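Open your viewer, switch on a cartoon display, and keep the selection box handy. We will go from stop to stop, picking something and looking at what is there.

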Number of protein chains: 2
Amino acid sequence: MFRLSKLTDYGFVLLAHMTGRAGETVTAPELAEATALPQPTVAKTLKALAKAGVVVSHRGVGGGYSLDRAPDDISVAEIISAMEGPVALTACVEGAEHQCDVESCCPMRGHWDSINHAVKTALEGISLADVSSKNNVPDFINMDQPAPSFAQGS
Amino acid sequence: MFRLSKLTDYGFVLLAHMTGRAGETVTAPELAEATALPQPTVAKTLKALAKAGVVVSHRGVGGGYSLDRAPDDISVAEIISAMEGPVALTACVEGAEHQCDVESCCPMRGHWDSINHAVKTALEGISLADVSSKNNVPDFINMDQPAPSFAQGS
């Protein structure tokens, strides 16, 4: 099991909500209310998504966030790498602080590349539109009852 | 970045070595010496791979471990799930101790399945043979110098 960070999960939740309102500019407080996520978490997540070019930040009156492109043109690979860094399975010296003494003769050397390429290609083939159901988008804004509490943390 | 456990990495190293000796039965001490991995780590890793049917344990004189099938017929998905559990990207309530209060209206509900299916299919399409280079297999057994030390841990 490859566990993604909670923030990545929240990223998908926010983007799925924005897909339901594609073409619109939505503010962070609106998204926080609509998804029942804490506002600081929403702000942090949107900042990472904006930095990676998945969403665009609009300043000033009427400002907020909108999707950078149509949901069909944003891949799951892009979203994951925006939140987690490069899509790659790794367990050994790549990125590790200490070098491995047997790296030079490791039988797996160079072979993680083909595994990572396959995973990345698979995730590039799925779009935000594919994983967002408009029917599932929560919208507590106009509901009489308050939004349920969401597990805090990031 | 999806970080796999060190034990998964060691699993690949052992299996790559066994691929270089496909058809043979190799003992855990031989594998430990050949790969410069600590013997308890090798034993633990082989036990997990045997439980999942990736390798077969042979008892008695001349016993040891061999690959369950030809390296072409063992997939990377099988190896990863033997060591890590089911191949799945998850960040939310699936498998979590506490239920999520907004699960019922989560816009991502049910959509991780398609992402996980794509990743699993990608990993099923790569075989142990694909990621093992015979040329890279270390064999310190017959070398004059001792095997280099390998970073301990599991």
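Start with the hairpin that strand 2 of chain A and strand 3 of chain A form, with 5 residues between them. In its turn, select A:Gly60, whose phi is positive, at about 80 degrees. Helices and strands here are DSSP runs, numbered from the N terminus, with at least four residues (H or I) for a helix and at least two (E) for a strand.

Before moving on, a word on what you are looking at: this is a predicted model, in which local features need pLDDT of at least 70 and side-chain atom pairs count only at pLDDT 80 or more, while totals for chains, interfaces and linings use all residues. Residues are numbered from 1 along each chain as its sequence is written, chains are lettered from A and ligands numbered from 1 in the order in which they are written, and side-chain values use heavy atoms, with hydrogens and water left out.

**The strands of the hairpin in chain A**

Select residues 55-58 of chain A, which are strand 2; this strand pairs with strand 3 of chain A in the antiparallel sense over 4 bridges. Pairing requires that DSSP finds at least two bridges between two strands. Which residue stands opposite A:Ser57 in strand 3 of chain A? Click across and you will land on A:Tyr65.

Now colour strand 3 of chain A, residues 64-67, by side. A:Gly64 and A:Ser66 lie on one side, A:Tyr65 and A:Leu67 on the other, and all of them are buried, so both faces of the strand are covered. Buried means under 20% relative accessible area, exposed means over 50%, and partly exposed is in between, using a 1.4 Å probe and protein chains only. In a regular strand the side chains alternate between the two faces of the sheet.

**Zoom out to chain A**

Show the whole of chain A: its secondary structure comes to 5 helices and 4 strands. Trace the elements from the N terminus and you read β-α-α-α-β-β-α-β-α. Of the 154 residues in chain A, 49% are buried. Among the contacts in chain A with a separation of 6 or more, residues 24 or more positions apart account for 69%; contact means heavy atoms within 4.5 Å.

**Three residues to pick in chain A**

Select A:Asp9, in helix 1 (residues 6-19) of chain A. Is this residue buried or exposed? A:Asp9 is buried, with a relative accessible area of 5%. Add A:Ile80, 71 residues away along the chain, and the C-alpha atoms of the two are separated by 9.1 Å.

Next, pick A:Glu84 in helix 4 (residues 76-84) of chain A. A polar atom of its side chain lies 2.7 Å from the backbone nitrogen of A:Ser5. That is a polar contact: a pair of N or O atoms within 3.5 Å, where within protein one must be able to donate a hydrogen and the other to accept it, and residues adjacent in sequence count only if both atoms are side-chain atoms. Show A:Leu4 too: A:Glu84 and A:Leu4 are 80 residues apart in sequence, yet 7.6 Å apart in space, C-alpha to C-alpha.

Then go to A:Ala36, in the loop between helix 2 (28-35) and helix 3 (39-51) of chain A. Its phi is near 65 degrees, a positive value in a residue other than glycine. A:Ala36 counts as buried, at 12% relative accessibility.

**Across to chain B**

Select B:Ala36, in the loop between helix 2 (28-35) and helix 3 of chain B. B:Ala36 has a positive phi of about 65 degrees although it is not a glycine, and it counts as buried at 11% relative accessibility.

Continue to B:Thr45 in helix 3 (residues 39-51) of chain B. With 0% relative accessibility, B:Thr45 counts as buried. A polar atom of its side chain lies 2.7 Å from the backbone oxygen of B:Thr41. Beyond its neighbours within four places in sequence, B:Thr45 is in contact with B:Leu7, B:Tyr10, B:Gly11, B:Leu14 and B:Met83.

Last stop: helix 4 (residues 76-84) of chain B, which is largely enclosed by the rest of the structure because 7 of its 9 residues are buried. Among them are B:Ile79, B:Ala82 and B:Met83. Finish at B:Gly85, just after helix 4 of chain B, where phi is positive at about 95 degrees.
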